[in-house]
Amino acid sequence: MKSRSLGNSGLEVSALGLGCMGMSDFYSGRDEEEAIRTIHRAIEFGVTLLDTADMYGVGKNEELIGRAVKGRRSEVILATKFGNMRSEDGKFLGVNGRPEYVKAACDASLRRLGVDYIDLYYQHRVDPLTPIEETVGAMSELVSEGKVRYIGLSEAAATTIRRAHAVHRITALQTEYSLWSRDVEDEILPVCRELGIGFVPYSPLGRGFLTGQIQKFEDLAEDDYRRFSPRFQGDNFIKNLELVRRVEEIAAEKGVMPSQLALAWLLAQGNDIVPIPGTKRREYLEENIGAIAIELTKEDLARIDEAAPKGAAFGTRYPDMRSVNL
């Protein structure tokens, strides 16, 4: 496993992280024993960055990771998030960035993770009712108190990133980025690079679509939240399959999996990029890690750009886009 620094913060992490959301929520079929084995296997491969959030499984995902890393704290970089509030039954209650909530949420995450500090603490979504300066100010106090080492934002707009960074150094921005979600290349990624902020793409495989394993809408289980995603519905699904076919063709010629090609393309976008593909199975984890060894030539990258240009995907990323890029 290779390592990368998140911007100019000095925080060194593995070039690929592990997104843990699906181990507890949103995707069908959960097996906590296999999830823990997957985390252990990731650590064996040198994956250090483990990503979760307090909303995943309404705290259950943090508890799962806490059990998995017990006795191995020094081997991992724990990243979690706050801001998306959910009730015990999973109902979404809104976004909260108020200073008092920031601190309460952090304490709760520390308890669930069973650790003394969080390496990278993100605001999951920007609270439109709370000035970003107030939220980041509270996060900065957590750093001073030793409860958090570095802070980050998720799905923040370029102007918000600048305002936040003026209060306290932002170590990383986590936002969707993949061969079918390239809008960050316009403003957000350039601002991160200007300010020395690392970029952590979530859903780097297009929520699994770019793996080529989802061939029809019915492949998604009844309780799979992707059924509500515009990109997985109706004509959008059919048109997006054409994008996958082009990726599959290039991957086949390279002798690699489509998922590996998609990750290798992201890794080639800059040493400040640290994708966090999510999986709950060792099989797919090892497949994803194989992307590290793939070398893409300028010709390869040009062909991939042609096959999956900016704006190639049909449909929005979420049914309601009002809560992202604020």
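This passage walks through the annotated domain, one pocket and the aromatic contacts of a predicted model.

An unreviewed UniProt entry annotates residues 16-307 as "domain: NADP-dependent oxidoreductase". Over that stretch the chain comes out at 40% helix and 14% strand, with 24 Å between the end C-alpha atoms.

The second largest pocket has a volume of about 280 Å³. Its lining takes in 14 residues, and those closest to the pocket centre are Lys2, Arg4, Leu267, Ala268 and Ile294. Both β1 (3-5) and α8 (258-267) put at least two residues into this lining. Sorted by class, the lining has 8 nonpolar, 3 polar and 3 charged residues.

Turning to the rings, the whole structure holds 8 aromatic pairs. In one of them, Tyr177 and Trp265 meet edge-to-face, 5.8 Å centre to centre and with 70 degrees between the planes. Tyr177 belongs to the loop between β10 (172-176) and α6 (188-195), while Trp265 is in helix α8, so the contact ties together parts 88 residues apart in sequence. Tyr177 is buried at 1% relative accessible area, and Trp265 is buried too, at 0%.

Trp180 and Phe209 make a stacked pair, with 5.1 Å between centres and 20 degrees between planes. Here the loop between β10 and α6, home of Trp180, is linked to the loop between β11 (198-202) and α7 (234-254), where Phe209 lies, 29 residues apart. Trp180 is buried, with a relative accessible area of 4%; Phe209 is buried at 0%. These two residues join Phe232 and Phe237 in one aromatic cluster.

Charges also sit over rings. The charged end of Arg231 sits over the ring of Trp180, 5.0 Å from its centre, and that of Arg207 sits over the ring of Tyr318 at 4.9 Å from the ring centre.

Technical notes:
Residues are numbered from 1 along each chain as its sequence is written. This is a predicted model: local features need pLDDT of at least 70, side-chain atom pairs count only at pLDDT 80 or more; totals for chains, interfaces and linings use all residues. Side-chain values use heavy atoms; hydrogens and water are left out. UniProt positions are given in the numbering used here, feature names are shortened, and annotations may be inferred rather than shown by experiment. Helices (H or I, at least four residues) and strands (E, at least two) are DSSP runs, numbered from the N terminus. On a 1 Å grid over the protein atoms alone, a cavity is a set of points where a 1.4 Å probe fits but cannot get out, and a pocket is an open set with protein on both sides within 12 Å along at least five of seven lines; lining residues have an atom within 4 Å of a point. Grid points are joined across faces, edges and corners, and a volume is the space filled by probe spheres set on the points. Ala, Val, Leu, Ile, Met, Phe, Trp, Tyr, Cys and Pro count as nonpolar, Asp, Glu, Lys and Arg as charged, and the others, Gly among them, as polar. Rings of Phe, Tyr and Trp (its six-membered ring) pair if their centres lie within 6.5 Å; planes under 30 degrees apart count as stacked, over 60 as edge-to-face and the rest as tilted. Buried means under 20% relative accessible area, exposed over 50%, partly exposed in between (1.4 Å probe, protein chains only). A charge sits over a ring if NZ of Lys or CZ of Arg is within 6 Å of the ring centre and within 35 degrees of the ring normal.
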